[in-house]
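Trainee: I would like to learn how to read local features from a set of coordinates. Please take me through a case.

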Amino acid sequence: MVLFCFLVDQRRTVRSSKPAAGICSRCGGCASVADMVTATRFCCVPVYRRTWRAIICTFCGAVLKSYR
Ligand SMILES: [Zn+2]
């Protein structure tokens, strides 16, 4: 399992974001609605790419709510 985790790499990036109402429950920072892209790579080969929308904290990056 350790080897499997080592080979699989998942990267989360924010494509675009705009301010939203609400504050972060972790640090009290401003929340924003963001379009996220999650790219999964296996042995450095991209195998899966998913776009999703979530409310994230602009300060600490915590995902406060996600829509699927
Ligand atoms: Zn925060």
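Trainee: Is C43 buried or exposed, and why?

Mentor: Keep in mind that this is a predicted model. The general idea is to count neighbours: a residue with 12 or fewer other C-beta atoms within 10 Å of its own is exposed. C43 has 9 other C-beta atoms within 10 Å, so C43 is exposed.

Trainee: Where does C43 lie?

Mentor: C43 lies in the loop between β2 and β3, the latter strand covering residues 45–57. C44 lies in that loop between β2 and β3 as well.

Trainee: Why is C44 classed as exposed?

Mentor: C44 has 7 other C-beta atoms within 10 Å, therefore C44 is exposed.

Trainee: What is there to note about the backbone phi of C43?

Mentor: Look at the sign, and at the residue type. C43 is not a glycine, yet its phi is positive, at about 55°. For C44, also a residue other than glycine, phi is positive and near 65°.

Trainee: Which strand holds D35?

Mentor: D35 lies in strand β2, which covers residues 30–42.

Trainee: Why is D35 called partly exposed?

Mentor: The class sits between the two cut-offs: 20 or more neighbours would make a residue buried, 12 or fewer exposed. D35 has 14 other C-beta atoms within 10 Å, so D35 is partly exposed.

Trainee: Which residues does D35 touch, not counting those up to four places away in sequence?

Mentor: D35 touches R15, S16, T51 and R53. Take S16 as one case: S16 and D35 are 19 residues apart along the chain, and their C-alpha atoms are separated by 5.4 Å.

Terms used. Residues are numbered from 1 along each chain as its sequence is written. This is a predicted model: local features need pLDDT of at least 70, side-chain atom pairs count only at pLDDT 80 or more; totals for chains, interfaces and linings use all residues. Helices (H or I, at least four residues) and strands (E, at least two) are DSSP runs, numbered from the N terminus. Two residues are in contact if their C-beta atoms, placed from the backbone, lie within 7 Å.
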